[in-house]
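Please examine the sequence and the structure shown below. The report that follows describes selected features of this model.

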Amino acid sequence: MYWTVHTSGGPKLVSNAAVAIGTSIFTFGGYCVDVDHTKFKPIDIHILDTEKLKWWKPELNNQDCSCAPFMRYGHTAINLGSNIYLWGGFNGNRACNTLYCFNTETLKWTTPSVFGHKPEPRDGHSACIIQNCMYIFGGYEEGSGLFASDLYMLNLHSMEWSIVKTEGRPPSNRDYHTATAIDNKMYIFGGRSDWAASRQIDTDTYCSYIYYLDTSRGKWIRPNVYGSKPIARRSHSAFVKDGFFYIFGGFNKNKDLHFQDIHRYDPVSSTWMKILPKGTPPCARRRQICQLVNDRIFIAGGISPIFPKPVSITDQYVQFNANLKEHDDLHILDLSKILNFLSLSELQKKTISCISFFIEPSLKDMCMVNVWENMEEKKIDNINDLHIPLSLKHDMAAFHPFEIMETNIDMMQSSEENLIVLLS
């Protein structure tokens with residue numbers, strides 16, 4: 001994996017809802033200190049052209065905006081074909097439980113008629129789609145002041161809401177977690193809650209367990225988990241690639257930590273691995289958007305601490321500061337450079353001294369690697385001191401100041417708990 005692009009100057013995206021369709025990423029709403037969310041203005045829409053790396057705002061065809069949702073944060077969005085379904089969210093004054101549909105071809109909002117048992121208004125919940133059904137879990141009910149642990153399903157064919165009756169012990173009450181769909185299972189990770197009272201107080205509780213709902217059996221399962229487990233967190237991002245799910249970033253108030261790490265979970269072996277891509281990662285943050293388009297992950301926006309004085313950075317975790325900065329940046333993680341490697345089960349069966357990787361790099365890839373190696377060998381810390389094409393600088397995410405991420409990793413550590421796979 002390589003971090004290949006770092007740019008700025010886009011919209012400030014904090015606690016947005018985002019959906020990737022084709023080569024475009026659609027983002028809706030979010031929180032910004034410059035916006036008065038209580039005035040119920042129509043929700044902002046920003047679209048990223050992932051080929052040209054340009055943001056633009058669409059001109060909606062229904063100019064009266066009577067069917068458009070009001071500006072909000074903590075909502076969710078999923079898509080079925082060219083339709084994006086937006087649900088929930090809070091504007092600092094009111095939470096919402098109306099279902100909105102945005103057609104990405106006509107650029108029109110509608111409010112579909114729904115039936116059945118609707119969830120209570122909330123924000124910070126999760127949503128994913130499995131077999132044409134949208135599942136809503138958890139969140140914070142602004143009206144009751146309670147964290148939720150209920151599970152609802154909206155059949156997007158019949159447009160009927162229902163409470164999902166399940167077996168097994170469900171995840172605890174929580175908000176700002178992630179729900180990730182793989183096959184017919186919904187995986188829940190992270191989030192903030194208070195297990196004692198299910199009510200928001202000053203002391204947060206964070207869950208590091210993985211739960212999944214087997215929708216074919218209607219059963220919650222908490223699997224035994226192995227490997228290098230990530231620290232519990234909320235307001236992180238999750239995405240799926242080749243049957244694995246990954247998490248990036250997030251925040252843990254109790255530890256006063258923002259994160260910039262990437263972890264991968266293998267549902268087959270129930271194993272976590274910490275992933276260290278090449279290049280310069282985004283700074284530690286929370287409430288960013290994270291979308292997969294082809295073999296590239298696009299991370300934009302979020303919020304991070306502002307450091308008025310130097311602080312220590314340890315193991316990619318950054319000490320929290322009360323002053324926060326809203327980001328307008330964009331980062332791209334290129335997954336096409338993922339290499340083939342042996343699974344943990346194969347490593348347990350074989351004693352090997354090295355792992356062979358197989359890849360067909362492009363000429364540009366080889367140039368990037370050569371520049372990185374020369375900078376490390378010659379102890380050059382500013383890429384502007386090198387005479388290379390500007391396009392190559394951009395692809396290397398080489399904007400001043402440029403830092404090389406040191407990744408001296410032992411690929412064959414004796415403890416499986418500390419196994420780190422370097423993808424380069």
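## Nonpolar cores and a buried aspartate

The largest nonpolar core (buried Ala, Val, Leu, Ile, Met, Phe, Trp, Tyr and Cys residues joined through side-chain atoms within 4.5 Å; buried means under 20% relative accessible area with a 1.4 Å probe, protein chains only) has 20 residues, and Phe26, Phe28, Ile45, Ile84, Phe102 and Trp109 have the most contacts inside it. At least two residues of this core come from each of the strands E2 (17-21), E3 (24-28), E4 (45-49), E7 (83-87) and E8 (100-103); strands are DSSP runs of at least two residues, numbered from the N terminus. E2 supplies the largest share, 3 residues. A second, separate core has 14 residues, including Phe137, Ala179, Met186 and Leu213. In soluble globular proteins, nonpolar side chains tend to be buried together.

This is a predicted model, in which local features need pLDDT of at least 70 and side-chain atom pairs count only at pLDDT 80 or more, whereas totals for chains, interfaces and linings use all residues. Residues are numbered from 1 along each chain as its sequence is written, and side-chain values use heavy atoms, with hydrogens and water left out.

Asp261 lies in the loop between strand E27 (257-259) and strand E28 (262-266). Asp261 counts as buried because its relative accessibility is 0%. The table lists two polar contacts of its side chain (pairs of N or O atoms within 3.5 Å, one able to donate a hydrogen and the other to accept it; residues adjacent in sequence count only if both atoms are side-chain atoms).

| Side chain | Partner side chain | Distance |
|---|---|---|
| Asp261 | Arg233 | 2.8 Å |
| Asp261 | His263 | 2.9 Å |

Methods. Helix = DSSP H or I, 4+ residues; strand = E, 2+ residues; numbered from the N terminus. Buried < 20%, exposed > 50% of the residue type's maximum accessible area, 1.4 Å probe, protein only.
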